[in-house]
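Let's take a walk through this model, from one well-covered helix out to the chain as a whole. Keep the 3D view open and follow along.

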Amino acid sequence: MKYSDFIEGLPVEEIKRIQDRLLEEAVTYAWKHSPYYMRVFRERGITPSDIRGVDNISILPLTQKENIQEDNWAFLSVPREEIAEIVSTTGTTGDPTFVALTAGDLERLACNEERSFGYACAVPEDLFHISVTCDNLFIAGIAYYRGLIKLGASVVRIGPQNIIRHLDLIRKLRPTGIVAVPSFMVQLARRVSSNGVSAAELGIRKIVLIGDSIRDEDFRTNALGTLIENAFGNVCFSTYGITEAQQSFCECSIRQGLHSHPDFAFAEIIDEEGFPLPDGEMGELVLTPFGIEGMPLLRYRTGDMTFKISGPCACGRNSVRLGPILGRRNQKLKFKGVTLYPKNIENALLCVKGVINYQIEAFTGDDETDNIILRVGYHGNGEDFRAELCEMIKAKARVTPKVEVEHPEQVDKRLYEGGSRKAMTFMDRRVKRYG
Ligand SMILES: [Zn+2]
């Protein structure tokens, strides 16, 4: 398969024609090779000839993570000997799902990332410090690694290590770029400035950030992004990826949304009933990746809430852009008439000095509605602190939850309750409703 370098610069109608054809190919491939889709198509009486381009996509049923969890290997569409690598999701909700990639899929992944880094202004002269996990079945680290090498840049594949080791390597090798999660960059900046040195002096000019979003709904840099940009300069690019769809999106220098690659995936935003939403309206991101051999997916529900923008970007690209990821579908809270996500509260917490750690707990109240308790770790007695906290949450998240200020150690205990390896910053104790 040949990937064009310039598809995102084509007129919108031409991009659509290409996507029409790629979708038809993806549907035919899944129908022929994927045991899962063979069954689904048969049960619903769908044949590939029913799908004539992206305008018809809603004929296809949605695919959920649970469908993969129920029968993971029914998605495998090649003989086992053609699998080159198996990766998995982190399994934060339920069992992890495995994704098998062929050599062709790995090449596709590299091409996707080569382009994404190109959007983030990476050039062959760059040296990138990769601080995210490159093993343990994670797809992202290896995608960045392969993409940067394909682009002609150099890489230092360090992965998660202690901050002193990172800093030592950064000082010795002088990378021009870094791939990291935002909290790592905050930690790095704090470490550097504690020695009276400015983080900007490290010389990192391109920071590609995965994981938490650094932009608000209106693309202004949020509190987390501001912490990083104040320390390193205005050099951050947000990226977002989804393991199951083997797909990533990345900001360009205009920083008005995450650019999609039109010949790699078709992106839809749907409402709670599964109907497509127009530009600018928040809903769930649904992806149909193109050209996947190992485990193709059609209309995969990512669970991530965002919106899309179809108009051209000031950078000259005409590809559909996604807004920042504003939350997870299953974490949506309805609190006293206000719809919000834990992320809204987290963003507010970042603006208050003295917050050591926190846990947001949601539970079902006597009146059957969502309730929120926020527990914040703080050193000191904290009446002024609590007032500032409440004010900030009211301003940023439009709600006034119950706030309990606790000793940070106590909050830590809650975060790792039951031996959890990951800090549970959002504890969902709501009574589950289905449907
Ligand atoms: Zn752009």
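Buried here means under 20% relative accessible area, exposed means over 50%, and partly exposed is in between, using a 1.4 Å probe and protein chains only. Helices (H or I, at least four residues) and strands (E, at least two) are DSSP runs numbered from the N terminus. The model is predicted, so local features need pLDDT of at least 70 and side-chain atom pairs count only at pLDDT 80 or more, while totals for chains, interfaces and linings use all residues. Residues are numbered from 1 along each chain as its sequence is written, and side-chain values use heavy atoms, with hydrogens and water left out.

**Two covered helices**

Start with helix H8, residues 223-232, which is mostly covered, with 7 of its 10 residues buried. Those residues are Ala-223, Leu-224, Gly-225, Ile-228, Glu-229, Ala-231 and Phe-232. What does the covering of the buried residues of H8 include? Helix H7 (182-193), strand E6 (206-209), strand E7 (236-242) and helix H9 (342-349) are among the elements that do it, where contact means heavy atoms within 4.5 Å.

Both ends of H8 have a detail to look at. At its start, a side-chain oxygen of Asn-222 comes to within 3.1 Å of the backbone nitrogen of Leu-224. That is a polar contact: a pair of N or O atoms within 3.5 Å, where within protein one must be able to donate a hydrogen and the other to accept it, and residues adjacent in sequence count only if both atoms are side-chain atoms. After H8 comes Gly-233, with a positive phi near 95°.

H9 has 6 of its 8 residues buried, so the rest of the structure largely encloses it. The buried residues in H9 are Pro-342, Ile-345, Glu-346, Asn-347, Ala-348 and Leu-349.

**Rings and charges**

Searching the whole structure turns up 10 aromatic pairs. Rings of Phe, Tyr and Trp (its six-membered ring) pair if their centres lie within 6.5 Å; planes under 30 degrees apart count as stacked, over 60 as edge-to-face and the rest as tilted. Tyr-36 and Phe-75 make a stacked pair, 4.2 Å centre to centre with 20° between the planes. This pair ties together distant parts of the chain, 39 residues apart: Tyr-36 belongs to helix H2 (residues 35-44), and Phe-75 to the loop between helix H3 (65-70) and strand E1 (83-88). Tyr-36 and Phe-75 are both buried, and ring pairs join Tyr-36, Tyr-37, Phe-41 and Phe-75 in a cluster.

Two arginines also have their charged ends over rings: Arg-80 over Trp-73, 4.7 Å from the ring centre, and Arg-157 over Tyr-145, at 5.0 Å. For that, NZ of Lys or CZ of Arg must be within 6 Å of the ring centre and within 35 degrees of the ring normal.

**Three buried polar residues**

| Residue | Where | Relative accessibility |
|---|---|---|
| Thr-97 | loop between E1 and strand E2 (98-102) | 0% |
| His-166 | helix H6 (residues 163-173) | 1% |
| Glu-406 | strand E20 (residues 402-406) | 10% |

Setting aside residues up to four places away in sequence, His-166 touches His-129, Ser-131, Ile-158, Gly-159, Pro-160, Gln-161 and Phe-184. On the same basis, Thr-97 has contacts that include Lys-65, Asn-72, Val-87 and Glu-244. The partners of Glu-406 include Arg-375, Tyr-378 and Arg-414. The C-alpha atoms of Glu-406 and Asn-357 are 9.6 Å from each other, with their positions 49 residues apart along the chain.

**An open sheet**

Strands E10-E11-E12-E15, in that order, make an open sheet of 4 strands with antiparallel pairing. Strand E10 (265-270) and strand E15 (327-328) are at the edges with a single partner strand each, so one side of each has no neighbour in the sheet. Two strands pair if DSSP finds at least two bridges between them; E10 and strand E11 (residues 283-289) have 6, in the antiparallel sense. Phe-266 stands opposite Thr-288 in E11.

**The whole chain**

Stepping back, the chain has 11 helices and 21 strands. Of its 435 residues, 52% count as buried. Among contacts between residues at least 6 apart in sequence, 66% join residues at least 24 apart. The C-alpha atoms fill a box of roughly 70 × 60 × 40 Å along the principal axes.
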